[in-house]
Amino acid sequence: MAPEESTEAVRLLPSFERRFLAARALRSFPWQSLEEKLRDSSGPELLLNILQKTVKHPLCVKHPPSVKYARCFLSELIRKHEAVHTEPLDELYEALAEVLMTTEPTQCHRSYLLPSGDSVTLSESTAIISHGTTGLVTWDAALYLAEWAMQNPAAFAHRTVLELGSGAGLTGLAICKTCRPSAYIFSDCHSCVLEQLRGNILLNGLSLEADVTDDSESPRVTVAQLDWDVVTAPQLAAFQPDVVIAADVLYCPETVLSLVRVLQRLSACLKNQQAPDAYIAFTVRNPETCQLFTNELGIAGIPWEAVPHHDQKLFPYEEHSEMAILKLTL
């Protein structure tokens, strides 16, 4: 492989690495570019490098993705190799054989690389809807809000952050690792989500509040069970947040109405202190649902403005996802 060709091929590696670690849809991988590079090369170096950046990556060895996902990925990689080269590559077949002998667990892992060189690893359900909730997997708006937060760390530094509907915990873990909040409150209403959330916090080297020493540089982290429909104003006031965030919680009219009600209660119980900012990130699936949210904010007297779009460079997003963040003043 000529030096310039080698350089072009190496550019594929970060794309494969980010997508595989996060277990993104296989259709999002740059397969066509890979085929072109394989035709230009005579040796196995590119595929061996891709193996090291994906299936053999230290994060994947320690915290593997679902067996089905790894199997489908390796099968596709073998197909691309066989379409170009007649000589089999033993390492590909050995990796596939190892995966085929593995039993599929009910939990799998996704890992996300951070600009600091650190990473966030999440244990998630292998089913999109599990135990009657969608909170056991990470959705794109959580990635979008996390990336915005890392580009705007001053919004969270030395402040108490309350996250509504934390789900698997990606956004909060990224903020805790990169934005230096003084305290972070993860919250959700479903017991299975809360159990997984606590596990993900510990998995990423953070301690829950009782385990944090006074001289620790890590934020004080707590996990709260918070049902938007029944939580009281005194319970909300006890959190004393400086910033409130939520990601991908506008998925139906009922949740929109519940969210606005809880934001109203927060605003009322914090009226004697500086009004906290709230950042609500969402994927625009149904424009009518988004319109309902802004209409209800107006009725509730909560000012809002759209946050300018930021480049989506850090995380591998699903294709054609339109996302937005609204900044509210409570």
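A residue is called buried here when its relative accessible area is under 20%, and that cut-off will serve throughout this tour of a predicted model.

Begin by selecting Trp 148 and Phe 156, both of which are buried.

Next, select strand E4, residues 183-188, where 6 of the 6 residues are buried, so the strand is largely enclosed by the rest of the structure. Showing its side chains, you will find Ala 183, Ile 185 and Ser 187 pointing one way, while Tyr 184, Phe 186 and Asp 188 point the other way.

Keep E4 in view and add strand E3, residues 160-164, which pairs with E4 in the parallel sense over 3 bridges; at Thr 160, look across to the bridge partner Ala 183 in E4. If you then add helix H9, residues 170-178, you have a right-handed β-α-β unit made by E3, H9 and E4. Now select strand E5, residues 220-225, which runs parallel to E4 and is joined to E4 by 6 bridges, with Ala 224 of E5 as the bridge partner of Ser 187.

The last stop concerns aromatic rings, of which the model has 13 pairs. Select Phe 20 and Tyr 69, a tilted pair with 5.5 Å centre to centre and 40 degrees between the planes. Phe 20 lies in helix H2 (residues 12-21) and Tyr 69 in helix H6 (residues 67-84), so this pair ties together parts that are 49 residues apart in sequence. With a relative accessibility of 1%, Phe 20 counts as buried, and Tyr 69, at 11%, counts as buried too. Returning to Trp 148 and Phe 156, you will see an edge-to-face pair, 6.2 Å centre to centre with 85 degrees between the planes.

Definitions and conventions: Residues numbered from 1 in each chain as written. Predicted model: local features only at pLDDT ≥ 70, side-chain atom pairs only at ≥ 80, totals over all residues. Heavy atoms only, no water. Buried < 20%, exposed > 50% of the residue type's maximum accessible area, 1.4 Å probe, protein only. Helix = DSSP H or I, 4+ residues; strand = E, 2+ residues; numbered from the N terminus. Pairing = 2+ DSSP bridges. Right-handed = clockwise from strand over helix to strand, strands pointing away. Phe/Tyr/Trp six-rings, centres within 6.5 Å; stacked < 30°, edge-to-face > 60°.
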